[in-house]
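Let's work through a few exercises together, one step at a time. Keep the structure open beside you as you read.

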Amino acid sequence: MAEAHSAVAFSFAITHDGWDVNFDREVLYLVWESGLRSWKKRLARFRNSIHNGVYPGHLQSLYFLWTVLVAAHFAGLNIPFGLVQKALTVLPSTSAMWQVIACLLAALAMWLSVIFLMRYALKLLLMYKGWMYESRAPGSRVSLKTMLWASVVKVLSGWNKPRLYSFQGSLPRLPLPNVSDTMRRYLLSVQPLLNDENYRRVEGLAKEFEEGIAVKLQRYLVLKSWWSSNYVSDWWEEYVYLRGRSPLMVNSNFYGTDTLLRPTRLQAARAATIIHYCLCFRRLIERQELEPIMLQGMVPLCSWQYERLFNTARVPGVERDRIVHYQDSAHVSVHCRGKYYKLVVYSRGRLLNPAEIQIQLQQILNDESEPAPGEMKIAALTAGERSQWAHVRQTMFQRGHNRTSLHCIERAAFHVSLDDSEYGFDDQDVTRLDNYGHVLLHGKGYDRWFDKSFNLCFSTDGSVGFNTEHTWADAPVMGHLWEYVIWSELEYGYDEAGNARGIVAAPPPPPVRLAWDLSEPLLAAVDNSYRVAEALLKDLDLRILMFTGYGKGFMKSCHISPDAFIQMILQLSYFRAANRFCLTYEASMTRLYREGRTETVRSCTLESCAWVEAMQDPTTSVEERVKRLRAAAARHQLGYQDAMAGRGIDRHLFCLYVVSKYLELESPFLQEVFNEPWRLSTSQTPHGQTSLLDLKKYPKCVSAGGGFGPVADDGYGVSYIIAGEDTLFFHVSSKVNCPVTSSTNFVQQIEQSLKDVRDLFAEYKKLNNGVDKKKNK
């Protein structure tokens, strides 16, 4: 009763003596503080909306124009189009004050006309993608057309400093390809995977589709591309993610690792500092003080995905999930040794500093109380089947402690796991990397809240990593946050004892232990979800390769794009492991367009197959192998550029398939396309998106990147990062129960392929040097 009484902020009662009023000033102050913070954020959002709505213009230019018009009007000069006189005809008077107001209206009309003309011109200019296809090799020259284009873009977008969403209104819409172009590209992509008979069959299906129902399906897509901001993204999120009923763990979520440079080994200190700077990044997003990522320093990428980075959860549904984003959250949720806590990170109108958060986290670590029976594994519900979790949520989390605690976790800025084991990145013992990947991707199956936008995971010896839910955004956004956090942590530092820095003037708010009503049916549901999660994580075969033989520098010296180089290595490695070629998926961004997400680059091409066959044929000369490798890399680079420019294959086919399902039209061709398994699914971990991290100053600030689970039951999931001039990391996943895959074998093949290509170019250089010497003689 005492706890319930202290929770009441205000109460009153009517007695014989009159009104009896009771209130708790501290709680009322917290309510006032929360409301004040909310209104400040609304005001900031309103101010930013105005700034973004008129970008690249600035309000100061309006004031200047107004001043010029007032001076010109009272000097008797003619105002263009007679705007001041026209404004005076609708104003109540012609006094000096109303003349000044008329000048303001005229200035506003002229200013807005120029602003919207500039925005529309910038949108038209950003539709040009010719700059992507021009060579950036040493000695190459940029075309005159691209130089003129770049000059105009810089003039139109460089008037004032852009904010995070300043370019959103100027970004073009994702173009809709012609069906004939998509069919041509598709047939070219499957040609190396089919024999002549099967290729002719698929070619016939494609022709029948193109001349038949594709005409009707394309009309609906044309209408959607005109009406919506992006004709792909909403359907992609809906049907690829939200309607998926399989567990998020391993199947959807991905992970990221720490750097080699571990600045402290105190778990609470490291966690406090990382939490603090994650919230600082959130503040930059909310205030839009974060500058958008710009390619070549002038072409903006869409920033839409940043909106749901924080305060976001994927809420389960029986048939489909939904993304719930809260406008604000003043706390994070924490899991530690099977118990859950609410950690308030704002006090007295400010964000707590790292030292204050460390005190709170240490209180959690010092809590020796035992979790309630069944509480330890309650997060397994988020790791199991989505439909079951939705049913349990609807029936057992609608009232009482369960509703309150669940709401606290889902509304949190993000989730934190203070783990009870050691793990991390150790260049002296690379075998620890495999365990590190397992811990971050799935943990124990019950110690991550997989529904949250992201989980921060901290080991007992100060290592950190994250686990991210994939629906709300793609990896580059999380990578941007991670670069900012790691850089800020290194700059801020720790004291000599490894503790977080900051002044603790008063005790911070203590963490609040969350309570649960754990009935027998709920515990049975938790056990059922845990069995699903346990089977899933035990079936995961994950291996991480750290290759230090060479890196980006060597690849560039071979005059090959680093990404294309790695993709060719993977093609060679897969053929050696499986003795065949396979449909290969590489993720490419489409954020050059508004609300763009990803497109597929089909890395297995006729050129890549020709090079692999040359590498496997001992009679092929060194010169021929190098020639074919460069041709394959150039073809891959063209495919990557096409994907970024909206000329991909798979998102167009996906949308045609969705329309066909809505119209209940069956297509043998589309069935053929979507029955093809992606046995090799690859992605490059984004690295160096910003100029924050200085590897010369912090040479050990190199991350091992991150990874994800396999997409096909008989395939591999491969994530790689070109971490520096002499370091590469590969994260390879597959299924243990699949008899035809082995992550260990595939990692060995990757390492051998990397060495073979290095030897190939060493031999090629020797031959060229020999030829040059003969010519000189």
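**Exercise 1: A helix across strands**

H16 lies across strand S3 (254–256), S13 and S14, and its direction makes an angle of about 155° with S14. Keep in mind that this is a predicted model.

Task: Find out in which sense strands S13 and S14 pair, and over how many bridges.

Solution. Step 1: Locate S13 at residues 454–458 and S14 at residues 464–468. Step 2: Follow both chains; the two strands pair in the antiparallel sense, over 5 bridges. Step 3: Pick out one pair: Leu 456 has Phe 466 in S14 as its bridge partner. Step 4: Place the pair in its sheet, an open one of 8 strands with mixed pairing, in the order S15-S9-S8-S12-S13-S14-S3-S20. Step 5: Look at the edges, where strand S15 (512–513) and strand S20 (706–708) each pair on one side only. Another helix, H14 (residues 400–411), lies across S8, S9 and S12 and runs at about 110° to S8.

**Exercise 2: Checking a helix**

Task: Work out what span helix H12 should have, and compare the distance between its end C-alpha atoms.

Solution. Step 1: Helix H12 covers residues 354–366, which is 13 residues. Step 2: The expected span is 1.5 Å times one less than the number of residues, so H12 should span 18 Å. Step 3: The end C-alpha atoms are 18 Å apart, which agrees. Step 4: At the N-terminal end, Asn 353 acts as a cap, with a side-chain oxygen 3.1 Å from the backbone nitrogen of Ala 355. Step 5: Among the buried residues of H12 are Ile 357, Leu 361, Ile 364 and Leu 365. Their cover includes helix H11 (267–287), strand S8 (331–336) and helix H16 (475–492).

**Exercise 3: Into the core**

Task: Name the element that gives the most residues to the largest nonpolar core.

Solution. Step 1: The largest nonpolar core has 111 residues; Leu 361, Leu 418 and Leu 456 are among those touching the most other members. Step 2: H11 gives the most to this core, with 12 residues. Step 3: Zoom in on Leu 418, whose contacts include Ala 271, Leu 361, Ile 364 and Leu 365. Step 4: A separate core of 44 residues includes Cys 582, Cys 609, Val 718 and Leu 754.

**Exercise 4: A parallel pair**

Task: Which residue in S19 is the bridge partner of Glu 586?

Solution. Step 1: Find S17 (residues 584–589) and S19 (residues 680–684), which run parallel and are joined by 3 bridges. Step 2: The partner of Glu 586 is Thr 682.

Notes
Residues numbered from 1 in each chain as written. Predicted model: local features only at pLDDT ≥ 70, side-chain atom pairs only at ≥ 80, totals over all residues. Heavy atoms only, no water. Pairing = 2+ DSSP bridges. Helix = DSSP H or I, 4+ residues; strand = E, 2+ residues; numbered from the N terminus. Buried < 20%, exposed > 50% of the residue type's maximum accessible area, 1.4 Å probe, protein only. Contact = heavy atoms within 4.5 Å. Polar contact = N/O pair within 3.5 Å; in protein donor to acceptor, adjacent residues only side chain to side chain. Core = buried A, V, L, I, M, F, W, Y, C linked by side-chain atoms within 4.5 Å. Axes fitted to C-alpha atoms, helices over the stretch in contact; angles between N-to-C directions. Lists of a residue's contacts leave out its neighbours within four places in sequence.
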